[in-house]
Amino acid sequence: MKHKFSLLISFCLYFLSACTSNQYKIEGKIHGDHLEDEKIYLVDLDPAQRMFIDSTTVKNRTFSFTGEIQTDKMMILRTRPILRMVYQEIVLVLEPGTISVYLDSISTATGTRQNDLLQQWKEKKEDTHTRVQNLKRWLRTSNEDLSSEEIQQIETNIQTIENKFIEYNYNFIQQHWHTTVGQFVYKMVGNSLNEEQQEVLKSLDIGE
């Protein structure tokens, strides 16, 4: 009897685990009071499926979404259009677990494995963009004061930064090829990869 009871408890725990394994929760915080009582929309990133999946209302600078998902998906969290000039909409991976979102002029999403990876990639991308733009601005505004050697060095630095980012992207995609975030990054920057890198990535599917 005791053995049967233990088996029953084990089955119940397994059943509860199976029921909750696909659950996600998005816990959001807002910078400032501009979004109080405003709607936050959870939207499918796929243009062919661009629709509101869910919406919620901001209260006390916070908001949340909960639900179940069978397959990880790329989504966008956004406000109504006019407010997106203040609060950056954010791309995230909707996957099981608790996703922590902070909406501001630069928004973030962390807390689950793929969203942590995506956030790291976004920060690397933004850092690369900032460094390149600063050097290009320097060239535009100081061109007359720079020697040809200095101009060439700045252009070389720009190319080096861009090449390092391409290599970073390749390694990121290769490491996470079989994940939703890996495929998303590939769609974003895959055209910048050379033919050899493309062939290596394609071989990952063949080797499955």
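This is a short guided tour of one protein chain, stop by stop, for you to follow in your viewer.

**Before you start**

Keep in mind that the model is predicted. Begin with the whole protein chain in view, coloured by secondary structure if you like. The chain has 208 residues, and buried residues make up 35% of them. You should find five helices and eight strands. Walking from the N terminus, you meet a helix, then the run of strands, and then the remaining helices, in the order α-β-β-β-β-β-β-β-β-α-α-α-α.

If you switch on the surface, you are looking at about 13,300 Å² of exposed area, with carbon and sulfur atoms supplying 52% of it. Contacts are worth a thought too: among those between residues at least 6 apart in sequence, 54% join residues at least 24 apart.

**Stop 1: strand β5**

Select residues 73-78, which form strand β5. Five of the six residues of this strand are buried, so β5 is largely enclosed by the rest of the structure.

Which strands pair with β5? One is β2, which runs antiparallel to β5 and is joined to it over four bridges. To see one of the places where they meet, select Tyr41: its bridge partner in β5 is Arg78. The other strand to show here is β6, also antiparallel to β5, with five bridges between the two. Pick out Ile76, which stands opposite Val91 of β6, and then Met74, which stands opposite Val93 of β6.

**Stop 2: strand β6**

Now move across to β6, residues 90-94. Are its residues buried or exposed? Five of its five residues are buried, so to speak of β6 as mostly covered is fair. Turn the strand to look at each side: Ile90, Leu92 and Leu94 lie on one face, Val91 and Val93 on the other, and both faces are covered.

**Stop 3: the loop between β5 and β6**

Stay close to these strands and follow the chain through the loop that joins them. Select Arg78 and Glu89 together, and show their side chains. They meet in a salt bridge, with 2.8 Å from N to O. This pair links distant parts of the chain: Arg78 belongs to strand β5, while Glu89 sits in the loop between β5 and β6, eleven residues apart. The partners differ in their cover. Arg78 counts as buried, at 13% relative accessibility, whereas Glu89 is partly exposed, at 33%.

In the loop between β5 and β6 you can also find Val86. Val86 is partly exposed, with a relative accessible area of 40%. Add Ile82 and Met85 to the selection, and you have the three residues that make a nonpolar surface patch of about 350 Å².

**Stop 4: more salt bridges**

How many salt bridges does a search of the whole structure find? The search finds seven. You have already visited Arg78 with Glu89, so here are two others.

Select Lys59 and Asp37. Their side chains meet in a salt bridge at 2.5 Å, N to O. Lys59 is in the loop between β3 (52-57) and β4 (62-68), and Asp37 is in the loop between β1 (23-30) and β2 (39-44), so described as a pair linking distant parts of the chain, 22 residues apart. Lys59 counts as partly exposed at 45% relative accessibility, and Asp37 counts as partly exposed at 48%.

Next, select Lys25 and Glu27. These two form a salt bridge whose closest N and O atoms are 3.4 Å apart. Lys25 is partly exposed, with a relative accessible area of 32%, and Glu27 is partly exposed as well, at 36%.

**Stop 5: helix α3**

Finish with residues 148-175, which form helix α3. If your viewer has a distance tool, try it on the end C-alpha atoms, which are 41 Å apart. Why does that value make sense? At 1.5 Å a residue, the 28 residues of the helix should span 40 Å, so the two values agree.

Now colour the buried residues of α3: Ile151, Ile154, Ile158, Ile161, Phe165, Asn169, Tyr170, Phe172 and Ile173. Zoom in on Asn169 for a last look. This residue of helix α3 is buried, with a relative accessible area of 1%. Leaving aside residues up to four places away in sequence, Asn169 touches Trp121 and Val189. Show those side chains together to end the tour.

Notes: Residues numbered from 1 in each chain as written. Predicted model: local features only at pLDDT ≥ 70, side-chain atom pairs only at ≥ 80, totals over all residues. Heavy atoms only, no water. Expected span 1.5 Å × (residues − 1). Buried < 20%, exposed > 50% of the residue type's maximum accessible area, 1.4 Å probe, protein only. Salt bridge = Lys/Arg side-chain N within 4 Å of Asp/Glu carboxyl O. Contact = heavy atoms within 4.5 Å. Patch = residues over 30% accessible without salt bridge, like charges linked within 9 Å, V, L, I, M, F, W, Y side chains within 5 Å. Areas by Shrake-Rupley, 256 points an atom, 1.4 Å probe, with all protein chains shown as cover. Pairing = 2+ DSSP bridges.
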